[in-house]
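These notebook entries record what I looked up in the structure shown below. I kept the entries in the order in which I made them.

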Amino acid sequence: MAETVTHHRELLAERDAHAPVAHPDHATNTGISNTKLAMWLFLASECLLFGGLITTYLLYKHPLPGSGPGPHDVFDIPFTSASSFVLLMSSLTMVLAVSAIERGDHHRLRVWLVGTALLGATFIAGQVYEFTVFYNEGLGYTTSRFSSAFYTLTGFHGVHVTVGIIMLVSLVLLSLRGRLPEHRSETVEIVGLYWHFVDVVWILIFAVVYLIP
């Protein structure tokens, strides 16, 4: 059985070695694949969604008198800055993952994908800790209009990061099974687009929610 698996992997490796280039020309009007175009359209729709959530937060960021703690009562800027830095560093490891598969270096591809997922998981852990602290300080989801807008916006972003982590883990599993050859590097690139989008959105959220008075 082991010999069969080894032989199968050798066949996959040989097929990868003779696979077409990593960025083949696409016979579409846009010059890019339909899959990548679909991701760009999806991200455009996400811009509208996050724009609506950020606008809602700006409208309700000031709680009514007597309706619970406000932003300056609960926010820990140094802690959130550190977790934001961790998330931004994951964009660097994602770039290195895309570069690795384009070179055909599958070992480093998996290393950088796992690194990106771990950095994203660290950010999520920090967000869970932050939410727990806020709740213990009396800021529940329905405490005030500020808390509802804050948890909805940041929690929705956290869900996106979690989905991205699932995508990264799926790529690692596909790579381990030999189903992510070099000529399919665009799959990693498309997941990278999503991951970079999540990072960029967080920069905007961090500035609007935590830094702007």
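**Entry 1. Aromatic pairs.** I looked up the ring pairs of this predicted model and found 18 aromatic pairs in the structure. I then took up the pair of phenylalanine 150 and tyrosine 210, whose ring centres are 6.3 Å apart. The planes of the two rings stand at 75°, and planes over 60 degrees apart count as edge-to-face, so I entered this pair as edge-to-face. Phenylalanine 150 belongs to helix H6 and tyrosine 210 to helix H7, so the pair ties together parts 60 residues apart in sequence.

I also checked whether these two residues are buried or exposed. Phenylalanine 150 has a relative accessible area of 0% and is therefore buried. Tyrosine 210, at 6%, is buried as well. Ring pairs also join residues into a cluster, and I noted among its members Phe150, Tyr210, Phe123, Trp202, Tyr57 and Phe75.

**Entry 2. Overall make-up.** I counted the elements next: the protein has 7 helices and 0 strands. From the N terminus on, the order is α-α-α-α-α-α-α. Of the 213 residues in the protein, 40% are buried. I looked at contacts with a separation of 6 or more, and 80% of them are between residues 24 or more positions apart.

**Entry 3. H6 against H7.** How do helix H6 and helix H7 pack, and at what angle? H6 spans residues 145-176 and H7 spans residues 185-211; their axes lie 10 Å apart at an angle of about 160°. Angles over 145 degrees count as roughly antiparallel, so I recorded H6 as roughly antiparallel to H7. H6 passes H7 in a left-handed crossing.

I listed the residues of this contact: on the H6 side they include Phe150, Leu153, His157, His160, Val161, Gly164 and Leu171, and on the H7 side they include Thr187, Val191, Trp195, Trp202, Ile205 and Tyr210. By class, the residues of the contact of H6 with H7 are 18 nonpolar, 5 polar and no charged.

**Entry 4. H5 against H7.** I then turned to helix H5, residues 106-136, whose axis comes within 13 Å of that of H7 and crosses at roughly 30°. Angles under 35 degrees count as roughly parallel, and H5 and H7 are therefore roughly parallel to each other. Their crossing is left-handed. In H5, Leu109, Leu113, Thr116, Gly120, Phe123, Gln127 and Glu130 take part, and they meet Val188, Trp195, Trp202 and Tyr210 in H7. I noted 7 nonpolar, 3 polar and 1 charged among the residues of the contact of H5 with H7.

**Entry 5. Threonine 162.** I located threonine 162 in helix H6. Its relative accessible area is 35%, so threonine 162 is partly exposed. I also looked up its distance to phenylalanine 123, 39 residues away along the chain: the C-alpha atoms are separated by 9.8 Å.

**Entry 6. Tryptophan 40.** My last look-up concerned tryptophan 40, which is found in helix H2, residues 34-60. What is in contact with tryptophan 40, leaving aside its neighbours within four places in sequence? I found Ile32 and Leu193. With 45% relative accessibility, tryptophan 40 counts as partly exposed. The C-alpha atoms of tryptophan 40 and isoleucine 190 are separated by 9.0 Å, although the two residues are 150 residues apart along the chain.

Notes. Residues numbered from 1 in each chain as written. Predicted model: local features only at pLDDT ≥ 70, side-chain atom pairs only at ≥ 80, totals over all residues. Heavy atoms only, no water. Axes fitted to C-alpha atoms, helices over the stretch in contact; angles between N-to-C directions. Helix = DSSP H or I, 4+ residues; strand = E, 2+ residues; numbered from the N terminus. Parallel < 35°, antiparallel > 145°, perpendicular 65-115°, else oblique. Left-handed = near helix turned anticlockwise from the far one by under 90°. Contact = heavy atoms within 4.5 Å. Nonpolar A, V, L, I, M, F, W, Y, C, P; charged D, E, K, R; others polar. Phe/Tyr/Trp six-rings, centres within 6.5 Å; stacked < 30°, edge-to-face > 60°. Buried < 20%, exposed > 50% of the residue type's maximum accessible area, 1.4 Å probe, protein only.
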